[in-house]
Amino acid sequence: MSEAHLVKGVDHVAFPTFDPAGTVRFYRDTLGFPVVHSICAAGWGPEQHPDFIHFFFDIGNNDRLAFFYYFGLEQFEGGPQGDVYAKFSEDVPLFFIRSRHLAIHVDSEEHLLEYRRRLDGSEWPVEMQIQHETIESIYTHDPNGYMVEITRALRPVTPQEDLDANITIDALVDVVSGPAPSMDALLVRKAELIVERASAPEVPAR
């Protein structure tokens, strides 16, 4: 039996920034996310820890997006790709770098297009607008190089799709524990699990 689901969503996610002014222009002034909290931390942390400010934007649903700015800290060297947190060499695939991103949900096509309008009129125009599976999304990069996605649902996700996702992930866990993980191996294992579960005796509801 799985444990009870007790959490209530994201309190905040946090990233470092070397450009707090640009970060405020992007999130507050362009996207319209209000600043809702800040911490001025002088003398916090162990020795050699710089003073910093930790500031938060409201991204809806009582969720927040936060940044750290460390006074006097210079950007670290690295490869030519990525963001201020992780800089990668030229041989790292772009799809891998972009897999780490922030996605923010809106309720309608109208709202998605409104954020497209705001971004296209700013320093950070939309780079892609894509429909994939059950969502439509726009993408850009913020002043720190972080990829930001704003997305809307094209339709509700069904209980059958939730069930399929759970079988898929169970198959994935099995396959990556083996000697040669691959998409073919995943699909074979998934088919095996579907057959196993379809033939298992049904437990009556209490």
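**How the strands and the core are assigned**

Mentor: Strand 9 (residues 135-141) and strand 10 run antiparallel and are joined by seven bridges. This is a predicted model, in which local features need pLDDT of at least 70 and side-chain atom pairs count only at pLDDT 80 or more, while totals for chains, interfaces and linings use all residues. Residues are numbered from 1 along each chain as its sequence is written, and side-chain values use heavy atoms, with hydrogens and water left out.

Trainee: What makes strand 9 and strand 10 a pair?

Mentor: Two strands pair if DSSP finds at least two bridges between them, and strands themselves are DSSP runs (E, at least two residues; helices are H or I, at least four), numbered from the N terminus. Seven bridges join strand 9 to strand 10, so the requirement of at least two is met. One of the partners can be named: Ile135 is bridged to Ala153 in strand 10.

Trainee: Which strands form the open sheet with the order 7-10-9-8, and why are some called edge strands?

Mentor: The sheet consists of four strands in that order, with mixed pairing. Strand 7 and strand 8 (128-132) are its edge strands because each pairs on one side only.

Trainee: How do you know how far strand 3 is enclosed by the rest of the structure?

Mentor: Buried means under 20% relative accessible area, against over 50% for exposed and partly exposed in between, with a 1.4 Å probe and protein chains only. Five of the seven residues of strand 3 are buried, so this strand is largely enclosed by the rest of the structure. Strand 3 is joined by six bridges to strand 2 (residues 35-41), running antiparallel, and it also pairs with strand 4 in the antiparallel sense over seven bridges.

Trainee: What makes a set of residues a nonpolar core, and which residues touch the most other members here?

Mentor: Such a core is a set of buried Ala, Val, Leu, Ile, Met, Phe, Trp, Tyr and Cys residues joined through side-chain atoms within 4.5 Å. The largest one has 23 residues, of which Tyr27, Leu31 and Phe67 touch the most other members. Among the elements giving two or more residues to this core are helix 1 (20-30) and strand 3 (52-58).

Trainee: Why is the protein chain described as more spread out than a compact globule?

Mentor: The radius of gyration is taken over C-alpha atoms, and the globule rule is 2.2 Å times the number of residues to the power 0.38. For 206 residues the rule gives 17 Å, whereas the chain has 22 Å, well over that value, so it is more spread out than a compact globule.
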